[in-house]
Amino acid sequence: DVKLQSVLSSLAQPAKELGAQSPGRRAPDARYVKLNTNENPFPLPTMVWRSAISALERQYLYPEDDNIGLREAAADAYGLSKDHVIAGNGSSELLALIYRAFLGPGDSVAMMSPGFSFNRKLALLQRAKLLEVSCSDSPSIPIEQFLLGPAKDAKFILLANPNNPTGTFVSIDDIERLVAQSDRLIVLDEAYVDFAPDNGLRLVHRYPNLLLLRTLSKSYAAAGIRVGFCLGHPEIIGRLRNIQNVFNMNIIGQAVGVSILSHRAAYEENHRHIKNERERVATQLRQFGFGVAPSHTNFLLARVPNGHDGKWWHAALERDGILVAVFADDGLDDCIRISIGTKEQMDSFLTAVAAIRGHEK
Ligand code: PMP
């Protein structure tokens, strides 16, 4: 179509290098055991449910300006003021906002690798350079590489703790050393922190160069509601709030977010369950010949036994109705990542693994 070609070429194309758009993934049939995107199959507490329903009574109104009520609830929960908090439609919206706010063409950003692959797209869209500092699954960060290497001029440094997809947890003392010694902004993504032994919240009070990202997607079982927070110094948070979309969250997200934050105790049993299941599945996988690194998240990264790669296991498990994640690069091609769900889901997974191993022999 000539007109289409002409209009396409008349547009600025910041996203050209991203290539063809992926077709998107349809939600799998409910019969699949879905262990591929680190969701948490836990029903919302009844009170949280009710808050979602009553929010619908205000469906004709725009959501509250600047998410003030939700930010106040988060500030209360985290022991901060609302000026230390910005709320987003999932923490990934806030991550994108950080890129847009703080990176210009030609700038660089440093991140731990392997890490969350969304960062590559975000850096490319800003025409910025992404410096990936290899940390594999080591339980410490190479602080000197962030302080002295090419990463020292990065506009900000991104760490995920615990990390995805490795599940590795770095001590908060290590993180603090980097934050204290660096004159850069450090973005600490704590998406999985409720499954870990410690967290970096106390550092927000001590250091102005730290942003903490939190989400209700994993440990609060609300991935579909889309609620995330970024916590940090009011001057830096203010710059993010300055450029955010108007009405970036909807009324359900605002109401459910407030309600979840005030019912956090109701999730303790769920967190205990996930941690116990994680250890049970790790032990069994090791007996089946997988190499499983310690995890402090709601998933396991497992190196598959000799003979096949991660893709092969992904396909074999999918034939048995189990969905797990695989990675094309990052030196993780012989791994699968398994989210931890209910006991029944994990039993189905382990039964499928046993059958596949049995066939192989
Ligand atoms: N950070 C990390 C490390 C993640 O693994 C994810 C989800 N895969 C996110 C952030 C984004 O989570 P959400 O947008 O649902 O808050």
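Which residue in β4 is the bridge partner of Met111? In this predicted model, the partner is Glu132. The two residues belong to a parallel pairing of strand β3, residues 108-113, with strand β4, residues 129-134. Six bridges hold the register of this pair. Between the two strands the chain runs through helix α5, residues 118-125. The resulting β-α-β crossover is right-handed.

A cis peptide bond lies on this route. It joins Ser113 and Pro114, with omega at about 0°. Pro114 sits in the loop that links β3 to α5. Another cis peptide bond connects Asn161 to Pro162, and here omega is about -5°. Pro162 also belongs to a loop, between β5 (156-160) and α7 (172-181).

A further sheet is open and built from three strands. The strand order is β9-β10-β12, and the pairing is antiparallel. β9 (291-292) and β12 (335-339) are the edge strands. Each has a single partner strand, so one side of each lacks a neighbour in the sheet. Strand β10, residues 299-303, pairs with β9 over two bridges. Within this antiparallel pair, Gly291 faces Arg303 of β10. In general, the strands of a sheet pair through backbone hydrogen bonds, in either a parallel or an antiparallel sense.

Attention turns next to the annotated lysine. An unreviewed UniProt entry lists Lys218 under "modified residue: N6-(pyridoxal phosphate)lysine". Lys218 lies in the loop between β7 (210-215) and β8 (228-232). Is this loop residue buried or exposed? Lys218 is buried, because 25 other C-beta atoms lie within 10 Å, and 20 are enough for that class. Leaving aside residues up to four places away in sequence, Lys218 touches Asn38, Asn40, Ala191, Tyr192 and Asn298.

The ligand is surrounded by 13 residues. Those that come nearest are Gly90, Ser91, Ser92, Thr215 and Ser217. By class, the shell holds eight polar residues, four nonpolar residues and one charged residue.

Asn38, one of the contacts of Lys218, has a backbone feature of its own. Its phi is near 55°, a positive value in a residue other than glycine. Asn38 occupies the loop between β1 (33-34) and α2 (46-55). With 21 C-beta neighbours inside 10 Å, Asn38 counts as buried.

Phe247 likewise has a positive phi, near 45°, and is not a glycine. Its loop runs between α9 (234-243) and α10 (251-262). What is the exposure class of Phe247? Phe247 counts as partly exposed, because 13 C-beta neighbours fall inside 10 Å. That class lies between the limits of 12 or fewer for exposed and 20 or more for buried.

Asp173 provides an exposed case. This residue is part of helix α7. It has 9 other C-beta atoms within 10 Å and is therefore exposed. Asp173 is separated from Glu39 by 134 residues in sequence. In space, the C-alpha to C-alpha distance between Asp173 and Glu39 is 29 Å.

Technical notes
Residues numbered from 1 in each chain as written. Predicted model: local features only at pLDDT ≥ 70, side-chain atom pairs only at ≥ 80, totals over all residues. UniProt positions renumbered as here; feature names shortened; annotations may be inferred. Helix = DSSP H or I, 4+ residues; strand = E, 2+ residues; numbered from the N terminus. Contact = placed C-beta atoms within 7 Å. Near = placed C-beta within 6 Å. Nonpolar A, V, L, I, M, F, W, Y, C, P; charged D, E, K, R; others polar. Pairing = 2+ DSSP bridges. Right-handed = clockwise from strand over helix to strand, strands pointing away.
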